[in-house]
Amino acid sequence: MRNSYGDKFLIHGGNKLFGEVTIQTSKNAVLPILASSIMADTPVTIKNVPDIIDVDNMLRILEKLGAKIAIDRDNITINPLTINNAKVDCELSKTMRSSVFLLGATLAKFKSACITLPGGCNIGNRPIDLHINAFKKLGVEVEYIGEEIHFNAKKYIPRTIKLKIPSVGATENIIEFACLQSGKTTIINPAKEPEIVDLCNFLSSMGAKIYGAGTNKITIYGVDRLKGVQYTPISDRIVAGTIMCAVAICGGDVHIKNAIPIHNQSLIEKLIKMGCQINIKNDIINIRSDSNLKSIGKITTGYYPKFPTDLQSIMLVVSTVSKGNTTIHEKIFSNRFETAKELNLLSANIDVVSNNKVVVHGIDHLNGAVVRAHDLRGGAGLVLAGLVAIGDTIVEDIHYIDRGYAYLEKMLSHLGADIKRIRV
C-alpha cells in the first residue's frame with residue numbers, strides 16, 4: 001500500500017519533452033468496476049490496475065467488507081464469496097469520494113448498505129442527494145443515524161428515474177443496483193462519460209442486461225446473478241490530457257500510447273487552436289509544440305462530451321503562459337480555483353473573479369517557488385507549472401496527486417523533465 005504523506009516534488013523547469021509514454025488505466029473507470037466486482041457470485045480479475053492511492057483505499061474497503069484480494073503485479077482478483085458485511089468502513093470512506101460507488105453494489109448484493117458521507121478532494125459541494133432520492137424512488141428505505149446513512153432494499157419498484165443533472169456517481173449507483181433487481185429500470189439524462197460506458201461493458205460481460213450507455217437514456221433489465229470475469233478497463237483520458245498539456249507548454253515531440261483519442265476530443269481541438277500540432281493513429285496521439293502558445297479566449301467546463309472539469313486546473317496552467325487573456329468558467333464544482341492562488345505564487349497573473357470564474361492574463365514565463373497541492377488535478381497542474389517555470393519549484397502535499405497518477409514523476413522524467421520525489 002502506498003503512503004506518500006509528506007512527500008514533495010522538486011522540479012527544475014525549462015526542459016523540453018521528447019519520447020513516448022504509455023497511459024495508465026483510468027482511475028475513474030477502475031474504481032467503480034472494483035466496487036461492482038462484489039456483485040459477482042464467483043471471483044473477478046481486473047487487469048492493468050494502476051498503482052494509485054485511491055485503488056489502495058478501495059481494496060482496503062473491500063477487505064473490510066470481507067472480500068479476499070489477490071494481487072499479481074497489476075492484476076487484481078476479488079473473491080466476493082467471503083463478504084460478510086454491508087457496512088463501508090467509516091474512516092476509509094472519508095478518504096475518497098469513490099467509496100460511494102459501493103452503495104449501489106452492496107444494495108444490489110445484500111439488500112442493505114451503510115455508508116458515511118464520502119471524502120476526497122476539497123473542490124466544492126458534492127452532495128449525494130441525487131443518489132439517495134433515486135434509491136428512494138426505487139423503493140429503498142433510507143435512515144440517518146449520526147454520521148451514517150443506512151439503506152434497506154426490502155422491496156424494489158422498477159421505474160424510470162430522471163436525473164436533474166447527469167451525475168456520474170448517481171448514474172453508476174442506479175445501474176449497479178438495478179442489475180440484480182427484477183423488472184425494467186430506465187435512467188433519463190444519465191451521465192455519458194466513457195467511464196460510464198466502461199462500467200456498463202464490465203457489468204454486461206458478467207451477464208447484466210444494460211442498453212444505451214453513452215446516450216440520453218439507459219435501460220437496465222434485472223438478472224438473477226452475475227458471474228465472475230476477467231476485464232481490462234479503459235485508459236485514463238485525464239492522464240493523457242495532462243501529458244498533452246505538459247508537452248504543449250514545455251515544447252517537444254511526444255507519442256502518447258494506449259490513448260483513446262475520441263475521449264480527449266474537446267482538449268485536442270483547443271490545443272490545436274493554441275498552436276500545437278497533433279496527429280492521431282489508432283491509440284497513439286503524437287503532439288508537437290514549440291511552446292509558443294496563444295490563448296483561445298474562453299474555456300468552459302461541462303458534462304461529457306464538453307470540456308472536462310478534471311482538466312480545468314491543467315488548462316489553467318497552460319493559459320498562464322499563453323499569449324493573451326483567457327476566461328475560465330467552472331460549471332461543475334464550486335471551489336476548484338485554489339490552484340489559481342498557488343499559481344500566482346509562481347508569478348502567474350490570474351484574477352479570481354468568483355468561485356466559478358477566473359481571468360488569466362498570459363505572461364512569458366513563470367518563476368519557481370514553493371507551492372502546495374490542494375486537490376488531485378490542481379496538484380498535477382502545479383507540477384506542469386513547475387516544468388515550465390524558471391528555476392526550482394517545490395510542490396508539497398503530493399499525496400493528492402498520487403491518488404490518481406501512478407508515479408507522475410517517473411512518466412515526466414522518462415520524457416526528459418527534471419523532477420524528483422523527496423520522501424520524508
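Contact here means that heavy atoms lie within 4.5 Å of each other. The exercises below use a predicted model.

**Exercise 1. Describe the surroundings of R377: where is R377 found, is R377 buried or exposed, and which residues is R377 in contact with?**

Step 1. Place the residue. R377 is part of helix α12.

Step 2. Judge its accessibility. Buried means under 20% relative accessible area. The value for R377 is 2%, so R377 counts as buried.

Step 3. List the partners. Neighbours within four places in sequence are set aside; R377 is then in contact with K27, N28, I238, D310, S313, I314, R336 and Y405.

Step 4. Look at one of these partners, D310. The side chains of R377 and D310 form a salt bridge, with an N to O distance of 3.9 Å. This pair links distant parts of the chain: D310 sits in the loop between β17 (298–300) and α10 (312–320), while R377 is in helix α12, 67 residues apart. Both D310 and R377 are buried.

**Exercise 2. Describe how helix α11 packs with helix α12: what is the angle, and how far apart are the axes?**

Step 1. Choose the quantities. Two packed helices are described by the angle between their axes and the distance between the axes.

Step 2. Read them off. Helix α11 covers residues 338–345 and helix α12 covers residues 376–388. The angle between them is about 20°, and their axes are 10 Å apart.

Step 3. Classify the angle. Angles under 35 degrees count as roughly parallel, so α11 is roughly parallel to α12.

Step 4. Give the handedness. The crossing of α11 past α12 is right-handed.

Step 5. Name the residues that meet. From α11 these are T339, E342 and L343; from α12 they are G378, L382 and A385. Sorted by class, this contact has three nonpolar, two polar and one charged residues.

**Exercise 3. Examine the salt bridges: how many are found in the whole structure, and which parts of the chain does the pair K257 and E20 tie together?**

Step 1. Recall the principle. Side chains of opposite charge can pair when their charged atoms come close.

Step 2. Give the count. The whole structure has 16 salt bridges.

Step 3. Take the pair K257 and E20. In this salt bridge the closest N and O atoms are 3.5 Å apart. K257 belongs to strand β14 (residues 252–257) and E20 to strand β2 (residues 17–22), so the pair ties together parts that are 237 residues apart in sequence.

Step 4. Check accessibility. K257 counts as partly exposed because its relative accessibility is 29%. E20 is also partly exposed, at 41%.

Step 5. Take a second pair, R421 and D402. Their side chains meet in a salt bridge of 2.9 Å, N to O. R421 is in strand β23 (residues 418–422) and D402 in helix α13 (residues 399–402), 19 residues apart. Both R421 and D402 are buried.

Step 6. Extend the picture. A network of salt bridges links D7, D402, E409, R421 and R423.

**Exercise 4. Locate I394 and find what I394 touches: which strand holds I394, and how far is I394 from K8 in space?**

Step 1. Place the residue. I394 lies in strand β22, residues 392–396.

Step 2. Judge its accessibility. With a relative accessible area of 25%, I394 is partly exposed.

Step 3. Compare sequence and space. I394 and K8 are 386 residues apart in sequence, but their C-alpha atoms are 6.7 Å apart.

Step 4. List the contacts. Not counting residues up to four places away in sequence, I394 touches K8, F9, L10, A369, V370 and V371.

Technical notes: Residues numbered from 1 in each chain as written. Predicted model: local features only at pLDDT ≥ 70, side-chain atom pairs only at ≥ 80, totals over all residues. Heavy atoms only, no water. Axes fitted to C-alpha atoms, helices over the stretch in contact; angles between N-to-C directions. Helix = DSSP H or I, 4+ residues; strand = E, 2+ residues; numbered from the N terminus. Parallel < 35°, antiparallel > 145°, perpendicular 65-115°, else oblique. Left-handed = near helix turned anticlockwise from the far one by under 90°. Nonpolar A, V, L, I, M, F, W, Y, C, P; charged D, E, K, R; others polar. Salt bridge = Lys/Arg side-chain N within 4 Å of Asp/Glu carboxyl O. Buried < 20%, exposed > 50% of the residue type's maximum accessible area, 1.4 Å probe, protein only.
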